[in-house]
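Colleague: I'm new to this one, so please pick a part and give me a close look at it. Take your time, and explain the terms as you go.

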Amino acid sequence: LHRDVARTLTLLATTEAKLGHLTRAIELSTRATAIWNRSKEKDSRRAADAMVVHGTLEASQGNYQDAQASYDRALLILRTIVGPAHPSVAAAQVSLAEAFAMDGQAPEALRLALEAEEIDSGSMRLTLRYLSERQALGYAARRTRGLDVALSIGTRDDSPSSRVFDAVIHGRALVLDEMAGRHRGAVDSSPEARQLWTALSAARQRLANLVVRGPAQLQPQQYLKLLDEARRHKELAERALADASAPFREELARARIGLDDVRTSLPPDSALLSFVRYNRLALAPPSTVGPGRASSMGSYPTRTI
């Protein structure tokens with residue numbers, strides 16, 4: 001019942017799944033999660049990772065409710081350890097959204113997917129500005145698929161939710177915008193604004209470092225307290241700079257632009273055509289889903305709308 005046995009079982013389950021031995025993989029993963037649940041480390045990051053693997057295996061066999069239970073447990077652990085706005089939380093929540101979508105529960109899946117997209121976009125905006133261009137592009141390429149899931153659900157309807165299009169707009173040119181943001185401190189040349197910009201940059205970088213580093217050797221309560229303090233300092237610094245700098249107020253306003261703002265800015269009798277390339281989740285009609293149905297999770301044909 002040692003944790004190393006549980007970790008090895010999870011790794012073996014992953015290998016068996018890659019070989020196509022899904023029944024065996026689920027057996028191994030079930031044993032691993034049982035060990036974690038009886039362990040003193042049942043609320044650890046490694047336990048959460050095992051729950052995510054188990055959920056993915058269950059979903060691959062069409063056992064969506066079992067998958068949802070595993071993802072829920074993983075999310076509970078992760079939010080306790082790294083806070084609600086961490087990229088790992090977004091990744092697990094996207095997996096949960098996929099399980100709900102494949103189970104025919106589109107409204108809940110859409111809510112979870114859009115929340116995950118918001119978490120991931122916020123994390124990217126926070127960290128990209130302090131990475132090299134190559135690192136930023138690589139980080140963006142590995143981001144979660146919340147928007148893909150939301151678009152897969154939204155485009156099944158004749159009138160997709162405006163929240164989906166808001167997410168598309170907010171995600172446009174995210175990397176380029178944040179790279180350009182490194183130089184915006186020089187736009188407002190007043191001494192007060194430059195000083196406030198320096199303070200904001202330091203507050204943002206501190207928060208970004210905490211998010212990227214994770215708890216390390218800290219207890220979860222200590223880490224979450226540091227996160228809350230860093231986030232509060234960043235928000236105070238943003239408000240102070242916004243009060244003193246018109247260019248920065250405009251930058252904040254641009255980040256909040258959504259579908260309604262785009263619509264109202266269009267001239268009469270005009271239209272805006274926009275293309276979105278995304279990986280579509282192959283959703284089945286609600287009547288065909290249920291326990292035992294093979295899932296197509298992980299297979300994403302590309303679609304453009």
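Modeller: First, the vocabulary: helices (H or I, at least four residues) and strands (E, at least two) are DSSP runs, numbered from the N terminus. Residues are numbered from 1 along each chain as its sequence is written, and side-chain values use heavy atoms, leaving out hydrogens and water. Keep in mind that this is a predicted model, where local features need pLDDT of at least 70, side-chain atom pairs count only at pLDDT 80 or more, and totals for chains, interfaces and linings use all residues.

Let's look at the loop between α14 (259-265) and β1 (277-279), because that's where D269 sits. Phi of D269 is near 55°, a positive value in a residue that isn't glycine. For background, most residues other than glycine have a negative phi. D269 is also exposed, with 86% relative accessibility; here exposed means over 50% relative accessible area, buried under 20%, and partly exposed in between, using a 1.4 Å probe and protein chains only.

There's another case to set beside D269. A216 lies in the loop between α11 (191-213) and α12 (220-244), and its phi is near 55° too, again positive in a non-glycine residue. A216 counts as exposed, at 54% relative accessible area.

For contrast, turn to helix α9 (residues 162-171), where V164, A167 and V168 are buried. Those three cover an arc of only 100° around the axis, so they're on the same side of α9; that arc is taken from the directions from the helix axis to the C-beta atoms. Their cover includes α6 (106-127) and α8 (146-154), with contact meaning heavy atoms within 4.5 Å.
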